[in-house]
Structures are given as C-alpha cells and as structure tokens.
Amino acid sequence: MPTIIDVQDDQEHSKTIDLGKDSMTVNRQASNNDDLYGVIVNSEEEAYNLYCEYGARMGFSVRIMQRRKSNNVVRQVNYACSKEGFKLDSDPSEVKKADRLDTRSGCTAKIRFGLQDNNVWKATLFVPEHNHKLAEPEERPFLRSNQKVLEAHKGVIRSMKNAGMSTINTYSYLAEEVGGSQNVGFTKTNCYNFVSRERMIMLEAGDAQSLINLFKKKQIEDPMFFYTVQVDQEN
C-alpha cells in the first residue's frame, strides 16, 4: 500500500539546503535527501525542478498532474510519475494518424506542494513508491523531464550556430566536452528543437535578411539545398 506522508502532522524540525544560487528550507531533520517530506521552496518552478531532480536520481520521469486555483491564484500543484494513471479509451469513431505507445501503469508516486501564507511552497503530500521498474543509471539522462537545455548550453549553441556550425556538429562538440552524450543533459532532438525555436523567434521578428542568411548557412551545410529569392518593387 502506498505511503502517504502529510507534513501538517510534523513541523518540529528544520534545516536549510544550499543549492548554489537558490536555497530551500526543509521542515525536518533528515540525512536522506531522497525523502522530500516537508520540503519548502520559494516558487512553483523550484518545486517542479526539485521533483524532476529527485526523479532523475531515482529513475522516473515527471509530469504535472493537477494545478488548483483560488481567486485566480495557483494555490496547490501536484506532480506525479509519468506512469501515473491510465490512458482514457479514445473514441473509436475518431481516426488518428498514429497512436502513441501507452506506457502508463497506474503508478501512484506523486508529490503535492501547497502555497503557504508566507508565500512559500510546502510539500504537503509525498508518495514515494512506484509500481514499475525504474530506469537504470545509464538510462536516466534520457528521461523526458530530465532533458533540459541549460542557459550555458544555449549560449554555446547560439555562438556555434552563428559561426556557421551545423546543429549535429554543435551537439557533438558539447558531448565531447563532457565525456559523452549521456552526460550532456539533453538529446540531439532537444538540441534541434531549441535551434528551431530560435529560428522561429528570429523569423517572427520580421527580419527577411535573417531568413536569407539562414538559407545561405543551410546551403553551406548541404550542397544539394537550393533556394531563390524574388523581391517586389520596394526590394
């Protein structure tokens, strides 16, 4: 039976964990960092990142289960194992191009954070048990919620793309710097998606010259790539 821990029953001890830039308070004295009972963080984003880091250590991916609002303010948020629940049966009359593989197993592992009166977020519910096999250490870097392109990586990718380097070579460089793709923290697909989003931001700004420059870079990368430009009377 899952263990459900309600922090409202235990508020005697506290300690502070320094996470570099940010810090958080834990409302109990314990040496086990994998026990999230009583954790206090400063924001909803910190709460999510904390559970994602926990999931990466343990070997499971995280998804947002539920957010509750009061007076248009988020007061409670629930994060769960990505295998939580079961996929609802789809309408057989609806035709879909392809169905994703359903990997849910009804796992009950989750955590709940509630907004307190002093504007901090406290873990008020923690269910640590899973009903499925957890990812092996070598598989954990590829868990979906563990794949994040950090700001430092974004800066490197932008610089190398601006220098005309292909996306695949940029990713290979990052992987080589950290001793392999398993240590990068995100996949090639994540890298390509980031580059695509950057391009969309650039194009949405209405910079036609940027689009032409993009085509020029693409032509350097791929000799088979062809483009032509037609301008109006105003050039």
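**Exercises on a predicted chain**

Of the 235 residues in the chain, 32% are buried. The model is predicted.

**Exercise 1.** State how many helices and strands the chain has, and in what order the elements run.

Solution. Start with the tally: the chain holds five helices and seven strands. Next, read the elements from the N terminus on: β-β-β-α-β-β-β-β-α-α-α-α.

**Exercise 2.** Find the area that the chain exposes and the share supplied by carbon and sulfur atoms.

Solution. The exposed area comes to about 15,700 Å². Carbon and sulfur atoms supply 48% of that area.

**Exercise 3.** Take the contacts between residues at least 6 apart in sequence and give the percentage that join residues at least 24 apart.

Solution. Contacts that join residues at least 24 apart make up 49% of this set.

**Exercise 4.** Describe how helix H2 (residues 151-162) packs with helix H3 (residues 167-177).

Solution. Two packed helices are described by the angle between their axes and the distance between the axes.

Step 1. For H2 and H3 the angle is about 135 degrees, and the axes lie 10 Å apart.

Step 2. Angles over 145 degrees count as roughly antiparallel and those from 65 to 115 as roughly perpendicular; H2 and H3 are therefore oblique to each other.

Step 3. The crossing of H2 and H3 is right-handed.

Step 4. On the H2 side, His153, Val156, Ile157, Met160 and Lys161 make the contact; on the H3 side, Thr167, Thr170, Tyr173 and Leu174 do so.

Step 5. Sorted by type, the residues of this contact are five nonpolar, three polar and one charged.

Technical notes. Residues numbered from 1 in each chain as written. Predicted model: local features only at pLDDT ≥ 70, side-chain atom pairs only at ≥ 80, totals over all residues. Heavy atoms only, no water. Axes fitted to C-alpha atoms, helices over the stretch in contact; angles between N-to-C directions. Helix = DSSP H or I, 4+ residues; strand = E, 2+ residues; numbered from the N terminus. Parallel < 35°, antiparallel > 145°, perpendicular 65-115°, else oblique. Left-handed = near helix turned anticlockwise from the far one by under 90°. Contact = heavy atoms within 4.5 Å. Nonpolar A, V, L, I, M, F, W, Y, C, P; charged D, E, K, R; others polar. Buried < 20%, exposed > 50% of the residue type's maximum accessible area, 1.4 Å probe, protein only. Areas by Shrake-Rupley, 256 points an atom, 1.4 Å probe, with all protein chains shown as cover.
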